[in-house]
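Biologist: Before I rely on any of the terms in your description, I would like to hear what justifies each of them. Could you take me through the reasoning step by step?

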Amino acid sequence: MAAKPVRQRSAGSDFAFSLGLVTLKADLVPAKQTGSDAESQFNTLCNDCPTPTKPNQVYVCPNDATHGPYKMGELTRRGKEVDGTLVEVTAEELAAVKTGDVAEKAFAISIFPADQVDKVTLPGDAVYRIRPRKDASPAEYKTYGLLRELAADPTKALLGEFILKSGSTPKMGRLLVFNGQIVLQTLIRPSDLAPTDSIDDVPLSEKEQALATTLANSLIEDFDPATWTNKVRERAKALLAAKADGNDAAVAAATTVAEPTTTDLADLLGAMLENAQAA
Ligand SMILES: [Zn+2]
């Protein structure tokens, strides 16, 4: 059964993306299709008759008051309504639906051209480092080295499916290399990606393009990891230290949001370039 096309609701509207004087206000829309997992989710049913439950702490069957009360954890039957008829499934059927042919604690690697994979996948929400076992033999280290060699090739994508823990659904993953270590990054499946919007293209003039490139080259700076630390942790520590000493902590005002760019883009880029060169 094909998933119904769902119009993606924006996760945040009127976000201001600013680069110096240039500001774009735009909406953030989840890259993953909303409700893409709904078809694989089953309802919890009454233990004594297959009546779908609602999330309550304690469940008393609306169909028959002698069923229950049950705590939610005691409800073991599962099912789903299909065209108005409730279909109940067994625990074994549910487990088979979930895992399919993916073995637990296994990742069978397939290799594809990276450009084909990059076009239709996006990173998911988790990354794991892969390290050799504590008692790994020289042969295992060699195998690790071989896989790392293959995963480091930017023209190839090493893909597989894996089940992180018993009972969870298989995830799609890709092997990459970071700082000499193999990492496993989850991917959003192509079928779970929301269709992308078609965006009206208003071409930049040659002058604007040239200015943008010159500007970007003048703005580029060395990346310093120390400026991207977890500031919340640092502020919490400073706040607690100040208050413990009996001092009121200074509360920083939030940065103001820039207004969208309405003036001529070339003028703005020119002004920014002058500022950058004067600095
Ligand atoms: Zn019941």
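Modeller: Let me begin with pairing: two strands pair if DSSP finds at least two bridges between them. With that in hand, E161 has M172 in strand 11 as its bridge partner, and strand 10 and strand 11 are joined in the antiparallel sense over 5 bridges. Please keep in mind throughout that this is a predicted model.

Biologist: What makes strand 11 and strand 12 a pair?

Modeller: The requirement is at least two bridges, and strand 11 and strand 12 have 7 of them, in the antiparallel sense. One position to look at is R174, which stands opposite Q185 in strand 12. The hairpin of these strands has 2 residues between them, and N179 takes a positive phi near 50 degrees there.

Biologist: Which strands are called edge strands in the sheet with the order 8-10-11-12-9?

Modeller: That open sheet is made of 5 strands with antiparallel pairing, and its edge strands are strand 8 (110–113) and strand 9 (122–130), because each pairs on one side only. The twist from one strand to the next averages 35 degrees. On the side where strand 8 does pair, 4 bridges join it to strand 10 (residues 156–162), the two running antiparallel, and P113 has K156 in strand 10 as its bridge partner.

Biologist: How do you know that helix 3 packs on the sheet, and what angle does it make with strand 11?

Modeller: Helix 3 (residues 138–151) touches strand 10, strand 11 (171–178) and strand 12 (181–188), where contact requires C-beta atoms within 7 Å. The direction of helix 3 makes about 95 degrees with that of strand 11, and since angles of 65 to 115 degrees count as roughly perpendicular, helix 3 and strand 11 may be described as roughly perpendicular.

Biologist: Why are helix 4 and helix 6 called roughly parallel?

Modeller: The axes of helix 4 (residues 206–219) and helix 6 (residues 265–278) cross at roughly 25 degrees and come within 10 Å. Angles under 35 degrees count as roughly parallel, and helix 4 and helix 6 therefore receive that description. Their crossing is left-handed. Among the residues that meet across this pair are L211, L215 and L219 in helix 4, and L265, L269 and L273 in helix 6.

Biologist: Why do you say that strand 1 lies largely in the open?

Modeller: A residue is buried if 20 or more other C-beta atoms lie within 10 Å of its own. Of the 8 residues of strand 1 (residues 12–19), the number that are buried is 0, so strand 1 lies largely in the open. It nevertheless has a partner, for strand 1 and strand 2 (residues 22–28) pair in the antiparallel sense over 6 bridges, with A16 opposite K25 in strand 2. These two strands form a hairpin with 2 residues between them, in whose turn G20 has a positive phi of about 60 degrees.

Biologist: What is the order of the strands in the open sheet of 3 strands, and which of them are at the edges?

Modeller: The order is 3-6-7, with antiparallel pairing, and strand 3 (43–45) and strand 7 (85–89) are the edge strands, each pairing on one side only. The twist here averages 45 degrees from one strand to the next. Strand 6 (residues 77–82) and strand 7 share 5 bridges, which meets the requirement of at least two, and V82 has T85 in strand 7 as its bridge partner.

Definitions and conventions: Residues are numbered from 1 along each chain as its sequence is written. This is a predicted model: local features need pLDDT of at least 70, side-chain atom pairs count only at pLDDT 80 or more; totals for chains, interfaces and linings use all residues. A residue is buried if 20 or more other C-beta atoms lie within 10 Å of its own, exposed if 12 or fewer, and partly exposed in between; C-beta atoms are placed from the backbone. Axes are lines fitted to C-alpha atoms, for helices over the stretch in contact, and angles run from 0 to 180 degrees between N-to-C directions. Two residues are in contact if their C-beta atoms, placed from the backbone, lie within 7 Å. Angles under 35 degrees count as roughly parallel, over 145 as roughly antiparallel, 65 to 115 as roughly perpendicular and the rest as oblique. A crossing is left-handed if the near helix is turned anticlockwise from the far one by less than a right angle, and right-handed if clockwise.
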